[in-house]
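Please look through the structure shown below before reading on. The briefing that follows goes through it topic by topic.

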Amino acid sequence: MTAPTTKRAWKLQEFVAHGANVNCLALGHKTGRVMVTGGDDRKVNLWTVGKPNCIMSLSGHTSPVEAVRFGNAEEMVVAGSMSGALKLWDLEQAKIIRTLTGHKANIRCLDFHPYGDFVASGSLDTNVKLWDIRRKGCIFTYKGHSNGVNCLRFSPDGRWVASASEDMTVKIWDLAAGKLLVDLKQHSGAVNSIEFHPSEYLLASGSSDRSIRFWELEKFQCVDCTDYDNNAIRSVVFHPDGACIFGGSTELLKVYGWEPSRCFDSVNMSWGKVADMAIAQTQLIGASINQTTVSTFVLDLTRVAPLGQVPSTPLPLSSSGRKNFTPDRPSTTSTKQQIPSSTGSIQLERRMSRKPAEEPEEPGSILDDATEDNSSVADVKDLKEYEEVFKPNHKLALSPPRKMDPFPAPKEDDVSVANQMKSLAPFQPAVGSTKPSGSETYRGESRIPPQYRAPSLPPQQPAAPHQSYQTPSNKPAGLDPADFMPPQQPSTMAIGDYDALGQMSKGHNSMSALLAARNKNLQIVRAMWSSGNVRTALESAIQMQDNSVIVDVLNVLNDKPLDWNLDVIDLLILPIYKLLISRYEVHVMVACSSLKLILKTYSTLIRQNLAPPARLGVDISGEERHRRCVNIYKHIQDIRHCIDSKKYQRGKLENTFREIQLLLNHLDT
């Protein structure tokens, strides 16, 4: 048997999704073929996976959009902004349903109840709120986290909601009782992603400590933990039959099992900041963010262990004998989400009918639809695609819906599919442009098939003729190279080739000397760092008085959050302040990233050690910790004045300065 000649993982597409930085992204987990993005341009854009043109753009937010989520039937989208406001959209009607406010800081994560008209939101203000879509209000606020909430997930039976936070904990809340059920605390880094097992009483959590932990939900104990990855775990998702879990980091996608913990397979994806993953038939779809661009990736699950050996029908009971979730979804033909009839959900419904005493009505939590919602507009960019994706139920179905074809895998030696599908102007449909085969989306299709079949490549279709204007082959379309050349100075005599080369070499030689000196400095720092003298390496980098070296060192540390400690912060806090007042934007951006990491992780520790240790004997380590925290706090106050003077500046860093200001306020609380 010959080895497969096609790739098992590939980049599907890369395109510009917003006119400013993209902050958040979510895939539709029902089909895996729709995607929603939110950005600094305060818009929410909807896409079909595999196609570069925007289907619909939703506007109305007054601040950058920082969290988005599809409804379970992919008929609704909820988006949360930096101001703490939520907007809920009906995609079939292309109109806004609700605008809700109540959070006091950025909304970081969202989730829909499995079959109830409720939405949960987590915020940088450390609170989790449960919203009733129909009554347009907040039902309850769950308080207990000490830092921002990164991820929310409802349990499959709809009775619990789990929250993951920067404070390194996972909390599970009982919706009917309105109280904390359990606090899970064994992670040593921020928890970025959580996911309930589709059937068993099991919860998985992926963390910046580079591990995935598995929590048994009868006794609420950690039953297993994966080996440490090379990078932070950014996203986790269970296979629909519960046989394994996929963990995504910056470079790799790994397939894990538990009890015992084992890694079935590892795939090099190189997708960067992966934001979401979804299973679509025999393929896993992943999406990542890089500034203004979004990239999508495909993994062929038929060529990933252990799925090639998974039986066509999963076992009714898990091999561990663990209790299963028993969701009691009502039978209905309506496409709208409804409240289940289970006991826990009845109690939750009764809780909706009256405002609990511990949750007073917040002023401004229900905005006037006539003012706020009227400013929210749904702009359909591609009417044909919109009708096909979001309004199929309005058509009379005379035959069963056609199943989605998997995305065709490129050959090993082929040019990346992404290079054929890249679009630099996705906001308007390209006239006469070709569409990649196998990427059509049908909303009525069945879910994952009972057995895995290798995808067959569709026959090649002749490309449609391009209808855009023609340009010379040696010039880029729409661009004049002369616009990017320096202005020509009038001269009375032509310059010779030798003189021209001499002028160019002057600038080249000076730049080469600068880069050579920088490389030499970095080699010195690297040699000390590799020998284990981290403090000596950092002190040498600071003594070199070269901001570029400091920026390179900070970039390395920002990618390895576990390497930070009070000693490192004490050494670098002053150089970070100097970078903040630099005239180079790249230096300021790196300094802001380091400062956010410090404030998110160490603000509580710094605040607790500002007071001198109790004088009961000699506590050398306590006194040293106190000295460092006082010094760090002093420089942070200087940084606060710098941020206060910059927070109203317009540009790429405007939102970053505001987020840092919120973190600085948390330091003093």
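## Briefing on the chain

In an open sheet of four strands, the order is β14-β15-β16-β17 and the strands pair in the antiparallel sense. The edges of this sheet are taken by β14 (149–154) and β17 (179–184), and because each of them has a single partner strand, one side of each is left without a neighbour in the sheet. The model discussed here is a predicted one. Its chain has 669 residues, of which 49% are buried, and its secondary structure comes to ten helices and 29 strands. Among the contacts in the chain with a separation of 6 or more, 59% are between residues 24 or more positions apart.

**The sheet β14 to β17**

- On average, neighbouring strands of the sheet β14-β15-β16-β17 are turned by 20 degrees against each other, with direction ignored.
- Within this sheet, strand β16 (residues 170–174) runs antiparallel to β17, and five bridges join the two.
- One residue pair can be followed here: D174 has K179 in β17 as its bridge partner.

**The sheet β22 to β25**

- Another open sheet has four strands in the order β22-β23-β24-β25, and its pairing is antiparallel.
- β22 (235–238) and β25 (262–268) are the edge strands, and each has a single partner strand, so one side of each has no neighbour in the sheet.
- From one strand to the next, the twist of the sheet β22-β23-β24-β25 averages 20 degrees.
- Strand β24 (residues 252–257) is paired with β25 through six bridges in the antiparallel sense, and K254 has S266 in β25 as its bridge partner.

**Strand β3 and its two partners**

- Strand β3 (residues 34–39) is mostly covered, since six of its six residues are buried, which means that each has under 20% relative accessible area.
- The cover reaches both faces of β3: V34, V36 and G38 are buried on one side, and M35, T37 and G39 are buried on the other.
- Strand β2 (residues 22–27) runs antiparallel to β3 and is joined to it by five bridges, with L25 standing opposite T37 in β3.
- The hairpin of β2 and β3 has six residues between the strands, and in this hairpin G32 takes a positive phi near 70 degrees.
- β3 also pairs with strand β4 (residues 43–48), again in the antiparallel sense and over five bridges, and here M35 stands opposite W47 in β4.
- The hairpin formed by β3 and β4 has three residues between the strands, and R42 in its turn has a positive phi of about 65 degrees.

**Two helices in contact**

- Two packed helices are described by the angle between their axes and the distance between the axes.
- For helix α7 (residues 566–580) and helix α9 (residues 620–646), the axes come within 9 Å and cross at roughly 20 degrees.
- Angles under 35 degrees count as roughly parallel, so α7 is roughly parallel to α9.
- The crossing in which α7 passes α9 is left-handed.
- The residues of α7 that meet α9 include L566, I569, I573 and Y577, and those on the α9 side include R625, I632, H635 and C642.
- By class, the residues in the contact of α7 with α9 divide into eleven nonpolar, two polar and seven charged.

**Backbone features in loops**

- Most residues other than glycine have a negative phi, and most peptide bonds are trans.
- E259 and P260 are joined by a cis peptide bond, for which omega is about 5 degrees, and P260 is found in the loop between β24 and β25.
- E259, which is found in the loop between β24 and β25, has a positive phi of about 50 degrees although it is not a glycine.
- With a relative accessible area of 37%, E259 is partly exposed.
- A cis peptide bond also runs from A305 to P306, with omega near 5 degrees, and P306 has its place in the loop between β28 (293–300) and α1 (343–353).
- A94, in the loop between β8 (85–90) and β9 (95–101), is not a glycine but has a positive phi of about 55 degrees.
- The relative accessibility of A94 is 22%, so A94 counts as partly exposed.

Technical notes
Residues numbered from 1 in each chain as written. Predicted model: local features only at pLDDT ≥ 70, side-chain atom pairs only at ≥ 80, totals over all residues. Heavy atoms only, no water. Pairing = 2+ DSSP bridges. Axes fitted to C-alpha atoms, helices over the stretch in contact; angles between N-to-C directions. Parallel < 35°, antiparallel > 145°, perpendicular 65-115°, else oblique. Left-handed = near helix turned anticlockwise from the far one by under 90°. Contact = heavy atoms within 4.5 Å. Nonpolar A, V, L, I, M, F, W, Y, C, P; charged D, E, K, R; others polar. Buried < 20%, exposed > 50% of the residue type's maximum accessible area, 1.4 Å probe, protein only.
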